[in-house]
Every structure is written in C-alpha cells, then in structure tokens.
Amino acid sequence: MTSSAPAVRARRRTAAALVLCAGLTAALTACAGEDPDEGTNGVGKLTAEQIEKKTRAAADAADAVRLTGKLVSKGGTYTLDMRLSPDGGTGSVTSKKNTFALLRVGDELFLKADAGFWTDEKGDDDSSQAADKLQNKYVKVPEDDPTYRQLRGFTEKKTLLDGMLTLHGKVNKGDRDTVGEVRTVQIMGGKGEGGTLDVSLEGTPYPLRVARGGGGGSVTLADWGEDFALEAPAEGDTVDYGGDLPKSSG
C-alpha cells in the first residue's frame with residue numbers, strides 16, 4: 001500500500017507558499033501606492049516657492065515663538081534663547097565674553113547681567129562701583145543710548161524672523177526630515193548655500209529650523225503661538241541709570 005502522507009505534506013507546503021506570496025504581493029503593492037503626504041498638512045505637495053510663501057505667512061501671523069540656537073554676524077557669534085511676541089521679548093543672549101538677560105515690554109528695554117559684565121576692561125574704582133550697583137538687576141536701557149537699537153533687535157520678532165527666514169537665490173525643494181518628532185520638508189536657497197528652512201508637515205506649516213547661508217548659524221523655532229508672561233520687572237529689581245549706560249566688558 002502506498003502512503004498518502006507525502007502528497008498531503010506537499011499540498012500543505014504549496015498552499016502555505018501561495019499564502020506567503022499573496023501576502024508579499026499585497027505588501028509590495030501597498031508600498032508602491034503609499035502616499036508620503038498622507039496624514040500631513042499637504043504642504044509637501046507644493047512647489048518650493050509656494051511652501052516658502054505659506055511658511056512665512058504662518059510665522060508672521062503667530063502671536064509668539066521661541067528661538068534657540070546661534071547667530072553668526074560681523075558683530076560676533078551670539079547664542080540665543082529668546083521668547084518673542086509682537087509686544088516684546090524675554091530671554092538670554094550669550095556673546096563671546098558674557099551672558100546677559102534681555103526683557104522688552106513695549107518700548108521699555110531692560111538688561112540684566114552679573115558684575116563681570118558691568119566691569120569694564122580697565123577695572124578701575126568707578127567701574128567696580130557701577131558693577132556692584134548694577135549686577136543682577138534689571139537695568140533700564142535709555143532709548144537714546146547707542147546700544148539700545150542693537151539690543152532691542154534681539155527682542156523683536158519681526159526683525160529676527162525677517163533676517164533668518166529669507167532664503168537667497170533660487171528657492172528649491174529639498175529632502176523630507178524630522179525636527180524632534182515632527183515631519184518636515186526642506187526648502188533651500190540654491191543648493192543650500194543661500195540658507196535652508198525645515199517646514200512642518202503637521203498642522204500649521206511653521207518653520208521649525210533654519211540654517212543661515214554662509215555659516216550664519218542655525219536656530220530652532222518652537223512654541224509657536226504659545227503665550228508667555230511679559231511684564232516689566234518689579235521696582236525693587238530695577239535700576240534706572242538715567243543717561244548712557246556705563247561702559248562694560250560686554
């Protein structure tokens with residue numbers, strides 16, 4: 001008598017192979033037809049110029065943003081951690097020698113730093129006395145002081161964003177990426193030499209990261225539209241120096 005077991009096992013193996021092949025074919029078909037923009041805000045389907053227009057409009061319309069990173073200019077390299085709104089800004093700036101806090105409410109601008117900032121390079125008695133008086137206090141910067149305009153620029157949302165979000169050269173679309181856990185699409189000036197922006201593919205198409213052309217630094221933009229406290233410092237924590245600010249190491 002001839003056993004039928006080998007034939008049964010062969011049929012089972014054939015059936016299993018057919019099921020496996022069918023599953024693999026379905027998976028490959030699904031992958032081939034997968035839409036990379038599914039579940040996104042659709043910005044990735046637009047041209048580079050359209051993406052740039054949308055992300056600039058979103059940034060301009062936002063009530064607030066937080067900037068962290070480095071800016072490099074002819075005046076030096078600055079590390080920023082600033083929260084900005086149309087009404088003012090607050091945060092810290094680190095230059096080559098010092099870290100200082102800035103706070104602007106409307107047109108009132110305040111600067112806070114340690115004694116090392118307020119002690120000028122000569123280190124004479126007058127400088128030391130001024131440093132003792134001003135250290136870790138919010139010093140009101142007179143609007144006619146030469147440093148007012150420069151320092152105020154770090155607290156102005158429009159000024160900073162206009163400078164950072166401008167791409168130079170023909171705008172092109174780059175790769176897909178992520179900033180944190182948020183999917184992004186990149187646009188760039190030229191091949192990147194004119195700067196790059198990573199634009200959110202989720203929710204509002206805010207710019208989430210910018211690399212400035214020519215080695216001008218890289219900044220992350222977050223907390224779009226999130227309110228933050230913006231109040232003038234208490235009277236006891238403030239020094240109104242009057243006229244021009246004293247010379248300092250900063």
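**Notebook: a twelve-stranded sheet and its helices**

I began with the sheet: it is open and has twelve strands, ordered β7-β8-β9-β10-β11-β1-β2-β3-β4-β5-β6-β12, with mixed pairing. I then looked up its edges, which are β7 (171-179) and β12 (238-240), each pairing on one side only. From one strand to the next, the twist averages 20°. A reminder to myself: this is a predicted model.

**Entry: the β7 edge**

I followed β7 to its partner. β7 and β8 (residues 182-189) pair in the antiparallel sense, over seven bridges. For one position across this pair, I noted that Arg176 stands opposite Val185 in β8. As background, I jotted down that strands of a sheet pair through backbone hydrogen bonds, either parallel or antiparallel.

**Entry: helix α2**

Which strands does α2 lie across? I found that α2 (residues 48-61) lies across β7, β8, β9 (196-200) and β10 (207-211), and that α2 runs at about 60° to β7.

Next I checked the length of α2. With 14 residues at 1.5 Å a residue, α2 should span 20 Å, and its end C-alpha atoms are indeed 20 Å apart, so the two agree.

Which residues of α2 are buried? My list reads Ala48, Ile51, Glu52, Thr55, Arg56, Ala58 and Ala59. These residues cover an arc of only 160° around the axis, so they sit on the same side of α2. On the other side of α2, I found Lys53 and Ala61 exposed. I also looked for what covers the buried residues of α2: the cover includes α6, β7, β8, β9 and β10.

**Entry: helix α5**

I moved on to α5 (residues 146-153), whose buried residues are Tyr148, Leu151, Arg152 and Gly153. Their cover includes β4 (99-105), β5 (108-112) and α6 (157-164). I noted that α6 is thus named in the cover of α5 and also in that of α2.

**Entry: the nonpolar core**

Which members of the largest nonpolar core touch the most other members? I found that they are Leu102 and Trp224, in a core of 47 residues. My background note here is that in soluble globular proteins, nonpolar side chains tend to be buried together.

I stayed with Trp224 and looked up its contacts, leaving aside neighbours within four places in sequence. Trp224 is in contact with Ala59, Ala62, Ala64, Val65, Leu161, Tyr206, Pro207 and Leu208. I recognised Ala59 from my list of buried residues in α2.

How values were computed. Residues are numbered from 1 along each chain as its sequence is written. This is a predicted model: local features need pLDDT of at least 70, side-chain atom pairs count only at pLDDT 80 or more; totals for chains, interfaces and linings use all residues. Side-chain values use heavy atoms; hydrogens and water are left out. Buried means under 20% relative accessible area, exposed over 50%, partly exposed in between (1.4 Å probe, protein chains only). Helices (H or I, at least four residues) and strands (E, at least two) are DSSP runs, numbered from the N terminus. Contact means heavy atoms within 4.5 Å. Two strands pair if DSSP finds at least two bridges between them. Axes are lines fitted to C-alpha atoms, for helices over the stretch in contact, and angles run from 0 to 180 degrees between N-to-C directions. A nonpolar core is a set of buried Ala, Val, Leu, Ile, Met, Phe, Trp, Tyr and Cys residues joined through side-chain atoms within 4.5 Å. The expected span of a helix is 1.5 Å times one less than its number of residues. The arc is that of the directions from the helix axis to the C-beta atoms.
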